[in-house]
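Good morning, colleagues, and thank you for making time for this presentation. Please look at the sequence and the structure as they come up.

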Amino acid sequence: MGGTAQCPRCDGAVRAPSIWHSGHTCAVHGEVVPLQPPHPADAEHLAWVSHHADVPVWLPWPLPDGWLVTGTRCVRDDKHEAQAVVVAVSGPHHGPAGCPPVADVLLVAEQPGTGLGAHLAGRDDLDPGEGLVTGRPAARLHAAGASTPLWSVPAEGDRAVLVGEAGAVWLWALLWPAAAGVTVLDDLELVDLRDPAHELDVPCGALSPRLRWAGQAVPARA
């Protein structure tokens, strides 16, 4: 899909490697592994991402009824396998009256120091930090069979943000609308597409607008 690579921490354009810099550089954050443009999901692309990822490629499985995988983004370049992978899923949910009928979820697996999850959450941090992963978890799901607590992160706008640790890296979950948060996540089962244990017939849909805008605000779904 067309588009240009961006800094995973600020959406800024990155400069390609040159004789002065061996890697991609952001004017604000220096040398970074770039965030690649969003890509629609299909079986071939999901297999490719899974083969080129140094972090889990998390997928809710089984997907809730009516839900679809709606795209991916990766932090990677020709020198690095994916340091972070975002998988988008979208579908109907049963929220309170007046709540948008369609929910969007971004699941972000990233190595410490990447900063993409924090940026998507509207934060300046690189990583969650001790202050965000203390106290009682807001939700608990299962990642590759392991019970995984997630803590709520303050976020602006109609979105919920939770973070925890799974597969020895950070796991961020961003959800729109905010009211869908715990309802969608609690007791959800995640499989790592790098090793799903058996072949999956994954239903895919149109690219989620949440992936196109990274950390920026996007219009609410109808």
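How many of the residues of β11 are buried? I shall keep that question in view while I go through the chain, which is shown here as a predicted model.

Let me begin with the overall dimensions. The chain contains four helices and twelve strands. Its radius of gyration is 16 Å, close to the 17 Å that the globule rule gives for 222 residues, so the chain is as compact as a globular protein of that length. Along the principal axes, the C-alpha atoms occupy a box of roughly 55 × 40 × 35 Å. Of the 222 residues, 50% count as buried.

I turn now to the sheet that contains β11. Nine strands make up this open sheet, and their order is β4-β12-β8-β9-β10-β11-β7-β6-β5, with mixed pairing. At its edges are β4, residues 58-60, and β5, residues 68-75, each of which pairs on one side only. On average, and with direction ignored, neighbouring strands in this sheet are turned by 30 degrees against each other.

In that order, β11 stands between β10 and β7. Let me take the β7 side to start with. Strand β7, residues 102-110, runs antiparallel to β11, residues 169-176, and seven bridges join the two. Within this pairing, V108 is opposite W172 of β11, and V105 is opposite L175 of β11.

On the other side is β10, residues 160-166, which is likewise antiparallel to β11 and joined to it by seven bridges. Here L162 has A173 of β11 as its bridge partner. The two strands β10 and β11 form a hairpin with two residues between them, and G167 in the turn has a positive phi of about 65 degrees.

This brings me back to the opening question. Eight of the eight residues of β11 are buried, so this strand is largely enclosed by the rest of the structure. The cut-off behind that reasoning is a relative accessible area under 20%. One general remark belongs here: in a regular strand, side chains alternate between the two faces of the sheet.

V105 also appears in another context, namely the internal cavities. There are two cavities of 30 Å³ or more in the model. The second largest has a volume of about 40 Å³. Its lining consists of P60, P64, W67, V89, V105, V184 and L188. What is the character of the residues in this lining: nonpolar, polar or charged? Seven are nonpolar, none is polar and none is charged.

There is also a second open sheet to describe. It has three strands in the order β1-β2-β3, and the pairing is antiparallel. Strands β1, residues 14-15, and β3, residues 30-31, are at the edges with a single partner strand each, so one side of each has no neighbour in the sheet. Two bridges connect β2, residues 25-26, with β3. In that pairing, C26 has G30 of β3 as its bridge partner.

Finally, which loop holds P40? P40 lies in the loop between β3 and α1, the latter spanning residues 43-51. P40 has a relative accessibility of 31% and therefore counts as partly exposed. From P40 to A16 the separation is 24 residues in sequence and 24 Å in space, taken C-alpha to C-alpha.

That concludes the presentation, and I thank you for your attention.

Note on methods. Residues numbered from 1 in each chain as written. Predicted model: local features only at pLDDT ≥ 70, side-chain atom pairs only at ≥ 80, totals over all residues. Heavy atoms only, no water. 1 Å grid on protein atoms, 1.4 Å probe; cavity = no way out; pocket = protein on both sides within 12 Å on 5 of 7 lines; lining within 4 Å. Points joined across faces, edges and corners; volume = space filled by probe spheres on them. Nonpolar A, V, L, I, M, F, W, Y, C, P; charged D, E, K, R; others polar. Pairing = 2+ DSSP bridges. Axes fitted to C-alpha atoms, helices over the stretch in contact; angles between N-to-C directions. Rg over C-alpha atoms; globule rule 2.2 N^0.38 Å. Buried < 20%, exposed > 50% of the residue type's maximum accessible area, 1.4 Å probe, protein only.
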